[in-house]
Amino acid sequence: MSDSTPVRIGIVGVGNIGGALARHFVAAGHEVAVANSRGPETLVDLVAELGERAHAATVAEALRFGEVDVVSIPLGRIGELPADGVAGKVVIDTNNYYPGRDGQIAALDDDSTTSSELLAVQLPGARIVKAFNAIYASWLAERGLPAGDPARLAIPISGDDAEAKRIVAALIDEIGFDAVDAGTLAVGGRKHQPDTPPYGAEAGAAELRGLLGL
Ligand SMILES: NC(=O)c1ccc[n+]([C@@H]2O[C@H](COP(=O)([O-])OP(=O)(O)OC[C@H]3O[C@@H](n4cnc5c(N)ncnc54)[C@H](OP(=O)(O)O)[C@@H]3O)[C@@H](O)[C@H]2O)c1
C-alpha cells in the first residue's frame, strides 16, 4: 500500500477498466465510490470484494464524492452524466470511440473534435485528463510494476490543465505504471486514440515518447 495521502475517488463505470482502477486505488489506500447506470444495489458484490475503503453510490453521488473522478463508460452514453458537482475537479476520461458500440458521432468522424473534448462539454468546468484509454484492461489489472523496473509499462495522458495531469500521473505511478504527457486534449488526445501507434502498445516510457512523436 502507498503511504501517500488518501484521495477520494469517484468511479463511474466499473467494468473492465473502471473495475481494475477501483481495485488498484483501494489497494493504494484511497477511498472509492463506485457507480454504474443500474444503481448501487447492483454493486454489492464488487464493494464486498473491494473492502472497507469502497462504497457503492449513484452516478451523481460518485461524481460528488470524488476529489478525483473517473468516467469509464461507453462513449455513446456520456450524455447521461449529470454535470452537477464536477466543476473544478480532476476527471479522468478512459473512454474511446467505437462507432459499432457508440453509434456514429459526426464531430469525431470528421475529426473536428476529440472524445475527451466531448466529455468536457458534457461536464463544464471539469479538469479532464485522458488516461487509461490506450492500455488493455488486462494489462492495467495485472501488469503494474514498481518504479524503475525495466519492464514497467507506460500510459499516455493528455489534458489542458498541467496540475490535473500531475495529480493523475502520481496516481498512475502509485498503481504501477509510468505516465507520459502527450499534450493537450486536442493534440495529445488525437495521438493516443484507437488506431494510433501508442494505442495498445507494449511500451515503456522512452519507447512511448517515441511513438507519440515527442
Ligand atoms: N476494455 C478495454 O480494454 C479498454 C481499454 C481502454 C479503454 N477502454 C474504454 O473505457 C471505457 C470503459 O470500457 P470497459 O471495457 O471497462 O467497459 P465495460 O466493461 O463495458 O464497463 C462499462 C461500465 O460502464 C457502466 N455504464 C454504462 N453506461 C453507463 C452510464 N450511462 N452511467 C453510468 N455507468 C454506465 C456499466 O455498467 P452498467 O451497464 O451496469 O451501467 C459498466 O460498469 C470505454 O469507453 C472503453 O472504450 C476500454
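This is a short tutorial dialogue on reading features of a predicted model.

Q: Let's start with the whole chain. How many helices and strands does the protein chain have?
A: A good first step is to take stock of the secondary structure. In this predicted model, the protein chain has 10 helices and eight strands.

Q: What does the radius of gyration tell me about the protein chain?
A: The idea is to set the value beside the one for a compact globule with that number of residues. For 214 residues the globule value would be near 17 Å, and the protein chain has 16 Å, so the two agree. To picture the extent along the principal axes, imagine the C-alpha atoms in a box of roughly 45 × 40 × 30 Å.

Q: What share of the residues is buried, and what supplies the exposed area?
A: Burial is judged by relative accessible area, with buried meaning under 20%. By that cut-off, 49% of the 214 residues are buried. The protein chain exposes about 9400 Å², and carbon and sulfur atoms supply 52% of that area.

Q: How do I read the contacts between residues that are at least 6 apart in sequence?
A: Ask what part of them joins residues a good way along the chain from one another. Here, 65% of those contacts join residues at least 24 apart.

Q: And the charges: how many positive and negative side chains are there?
A: Count each set, then compare where their centres lie. The protein chain has 17 positive and 29 negative side chains, with the centres of the two sets 2 Å apart.

Q: Which domain does UniProt place at residues 8-97?
A: A record can be laid over the model by residue number. The unreviewed UniProt entry gives "domain: Pyrroline-5-carboxylate reductase catalytic N-terminal" for residues 8-97. In the model, that span is 29% helix and 23% strand, and its end C-alpha atoms lie 28 Å apart.

Q: Now single residues. Where does H55 lie, and which residues does it contact?
A: For any residue, take its element, its exposure and its partners in turn. H55 belongs to strand β3, residues 54-56. With a relative accessible area of 34%, H55 is partly exposed, because that value falls between the 20% and 50% cut-offs. Beyond its neighbours within four places in sequence, H55 contacts V32, A33, V34, V47 and F65. Its C-alpha atom is 8.5 Å from that of P40, which is 15 residues away along the chain.

Q: Is A57 buried or exposed?
A: A57 sits in the loop between β3 and α3 (59-65). A loop position alone does not settle the matter, so look at the area: A57 has a relative accessible area of 2% and is buried, since the cut-off is 20%. Leaving out neighbours up to four places away, A57 is in contact with A33, V34, A35, P40 and A62. A33 is 24 residues away along the chain, yet the C-alpha atoms of A57 and A33 are separated by 6.0 Å.

Q: What about G159: which strand holds it?
A: G159 lies in strand β7, residues 154-159. G159 is buried, with a relative accessible area of 1%. Outside its near neighbours within four places in sequence, G159 contacts I128, K165, G183, T184 and L185. The C-alpha atoms of G159 and R127 are 7.8 Å apart, with their positions 32 residues apart along the chain.

Q: Which residues does A203 touch?
A: Once residues up to four places away are set aside, A203 touches R152, L153, A154, L208 and L211. A203 is found in the loop between α9 and α10, and at 2% relative accessibility A203 counts as buried. For a sense of distance across the chain, A203 and I17 are 186 residues apart in sequence and 19 Å apart in space, C-alpha to C-alpha.

Q: One last feature, the backbone angles. What is the phi of D111?
A: Here one looks at the sign of phi and at the residue type. D111 has a positive phi of about 60° although it is not a glycine. D111 is placed in the loop between α5 (106-109) and α6 (115-122) and is partly exposed, at 41% relative accessible area.

Q: And where is D195 placed?
A: D195 is in the loop between α9 (185-191) and α10 (205-211). Phi of D195 is also positive, near 75°, in a residue other than glycine. D195 is exposed, because its relative accessible area of 80% is over the 50% cut-off.

Definitions and conventions:
Residues are numbered from 1 along each chain as its sequence is written. This is a predicted model: local features need pLDDT of at least 70, side-chain atom pairs count only at pLDDT 80 or more; totals for chains, interfaces and linings use all residues. Side-chain values use heavy atoms; hydrogens and water are left out. Helices (H or I, at least four residues) and strands (E, at least two) are DSSP runs, numbered from the N terminus. Buried means under 20% relative accessible area, exposed over 50%, partly exposed in between (1.4 Å probe, protein chains only). The radius of gyration is taken over C-alpha atoms; the globule rule is 2.2 Å times the number of residues to the power 0.38. Contact means heavy atoms within 4.5 Å. Accessible areas come from the Shrake-Rupley method with a 1.4 Å probe; for residues, only the protein chains shown count as cover. Lys and Arg count as positive and Asp and Glu as negative; His and the chain ends are not counted. The place of a charge is taken as NZ of Lys, CZ of Arg, CG of Asp or CD of Glu. UniProt positions are given in the numbering used here, feature names are shortened, and annotations may be inferred rather than shown by experiment.
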